[in-house]
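Thanks for coming. I will go through the pockets, then the metal site, then one sheet.

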Amino acid sequence: MKAEQNELLTRTGPATPMGELFRRYWVPALLAWELPEPDCPPVRVQLLSERMIAFRDSDGKLGLIDEFCAHRGVSLYYGRNEECGLRCPYHGWKYDVTGQCVEVPSEPEESGFCTKIKLKSYPLIERGGVLWTYMGPPDQQPPEPEWEFATVPAEQSYTSKRLQECNYLQAMEGGIDSSHVSFLHSGSLNTDPLFKGAKGNQYNLKDKKPVFEVVESDGGLYIGARRNAEDGKYYWRITPWVMPCFTMVPPRGDHPVHGHFWIPIDDHNCWAWSFDYHPVRALAAEERKAMEDGKGIHVKVFPVTFRPLQNKDNNYLIDRAAQKAGHTFSGVEGIGMQDASLQESMGPIQDRTKENLVSTDNGIIMARHRLMKAAKELAAKGTLPPGRDPVHQKVRSVAVVLPSGTPFKEGAGEALKAKKGVAQTSV
Ligand code: FES
Ligand SMILES: [Fe+2]
């Protein structure tokens, strides 16, 4: 990869081509419980290298506005959330959820001075326990997001987020590359309560040389990884990727299905949003408890910062004895941190001019191409990218055994689509 291509793919600040691309989608900004009630404390939000403040006003309305007061730049994190607005604690300027200044106490009211002051603001909506924002031009705002995890009843899903201290792209590429599962996560497949017991695990562990087939979908890609099953059949694990940064992990047995959003905070940090849901049943109490305890793809984090307890400052609590004994392949405990530790180890932005890709990286190669193409076409012609249409979001991951000779797209067929009231297809 050329250095300029790596720049194009990884820079998402204002006025960058990839930043503009991300600004054409609804993206998760906060967990709904972070703003639990009217006039609760405001919360800092940083996305796509922009610093903002989210708050819920006295009427329960949500706002996402510039972090800094228009007067002399105080952070409104320290503001007073009162009487339908956020008031700067320095000289009392007050803003509503649209960023409109509604009061400048030092000026005569008749002057109308405050009507001329407005902070940048973005819409913030609640859906599926998540607060979503859209940071692009208002006239290009897409319909509200329809990802299946966010539309099933609340008792069927669980969502968490964690800070990951590297660029979004190398984190997301881990979500596309399912060949690492036979290595990095091998120790966890048979022990993690949200993974163990599935027949598919045995195929996963036995065949460490998956063959990849990647096909385009309306919103992105389906990445199929084929491993040998019995009687000449193939075990397929199919990962959907939807533009720009949504991935789903192929399911295991009747365990809940899971996946991620990889959302840039700035060019050196991202949010790993992790969701688990079951399309047709409530999560069992033990499943929810395991998720809260950082099992499966979830991770134990510090409050407020959402930084994992295992982090680069403590070498992710790597246990060399467990590594040697093979209890965990890398010595790091937990599937989420196994991924994050290695992806952060690449540095804040992986230098892709030095990598050597092989055939199991085909999904990654195709995703990069689609992202670059979409960003260039948006910049050059204003072409709106795929993945904005709710139909493109109705995808599912699949794990299935198919006869050899059957292409996975054909064999998995309708199972690749999210359908209300229909269970996932899983082995
Ligand atoms: S800096 Fe905010 S009111 Fe003066
Ligand atoms: Fe992984």
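In this predicted model, 25 residues line the largest pocket, and Glu 34, Val 43, Arg 44, Val 304 and Thr 305 lie nearest its centre. Elements giving two or more residues to that lining are β1 (26–31), β2 (43–47), β3 (50–56), β12 (157–164), β17 (257–266) and β18 (269–277). Of these, β2 gives the most, with 4 residues. By type, the lining of the largest pocket has 16 nonpolar, 3 polar and 6 charged residues. The volume of the largest pocket is about 650 Å³.

The second largest pocket has about 440 Å³. Its lining has 24 residues, with Leu 31, Trp 33, Tyr 158, Thr 159 and Ser 160 nearest the centre. Two or more residues come from each of β12 and α7 (285–292), and β12 has the largest share, 5 residues. Here the division is 13 nonpolar, 7 polar and 4 charged.

Now the metal. Which residues coordinate the iron ion, ligand 2? They are His 180 and His 185, each through NE2, and Asp 339 through two OD contacts, at 2.1 to 2.4 Å. Along the sequence, the donor spacing reads H-x4-H-x153-D. Both histidines, His 180 and His 185, are buried. The angles among the 4 donor atoms run from 58 to 145 degrees, and the site is irregular.

Last, the sheet. Four strands make an open, antiparallel sheet, ordered β5-β6-β7-β8. β5 (80–81) and β8 (101–103) are at the edges with a single partner strand each, so one side of each has no neighbour in the sheet. β5 pairs with β6 (residues 86–87) over 2 bridges, and Arg 80 stands opposite Arg 87 in β6.

Terms used. Residues are numbered from 1 along each chain as its sequence is written. Chains are lettered from A and ligands numbered from 1 in the order in which they are written. This is a predicted model: local features need pLDDT of at least 70, side-chain atom pairs count only at pLDDT 80 or more; totals for chains, interfaces and linings use all residues. Side-chain values use heavy atoms; hydrogens and water are left out. Donors are N, O and S atoms within 2.8 Å of the metal (3.2 Å for Na, K and Ca); water is not among the atoms, so sites may look incomplete. Four donors count as tetrahedral if all angles lie between 85 and 135 degrees; four count as square planar and six as octahedral if opposite donors are over 155 degrees apart and all others between 65 and 115; anything else is irregular. Buried means under 20% relative accessible area, exposed over 50%, partly exposed in between (1.4 Å probe, protein chains only). Two strands pair if DSSP finds at least two bridges between them. On a 1 Å grid over the protein atoms alone, a cavity is a set of points where a 1.4 Å probe fits but cannot get out, and a pocket is an open set with protein on both sides within 12 Å along at least five of seven lines; lining residues have an atom within 4 Å of a point. Grid points are joined across faces, edges and corners, and a volume is the space filled by probe spheres set on the points. Ala, Val, Leu, Ile, Met, Phe, Trp, Tyr, Cys and Pro count as nonpolar, Asp, Glu, Lys and Arg as charged, and the others, Gly among them, as polar.
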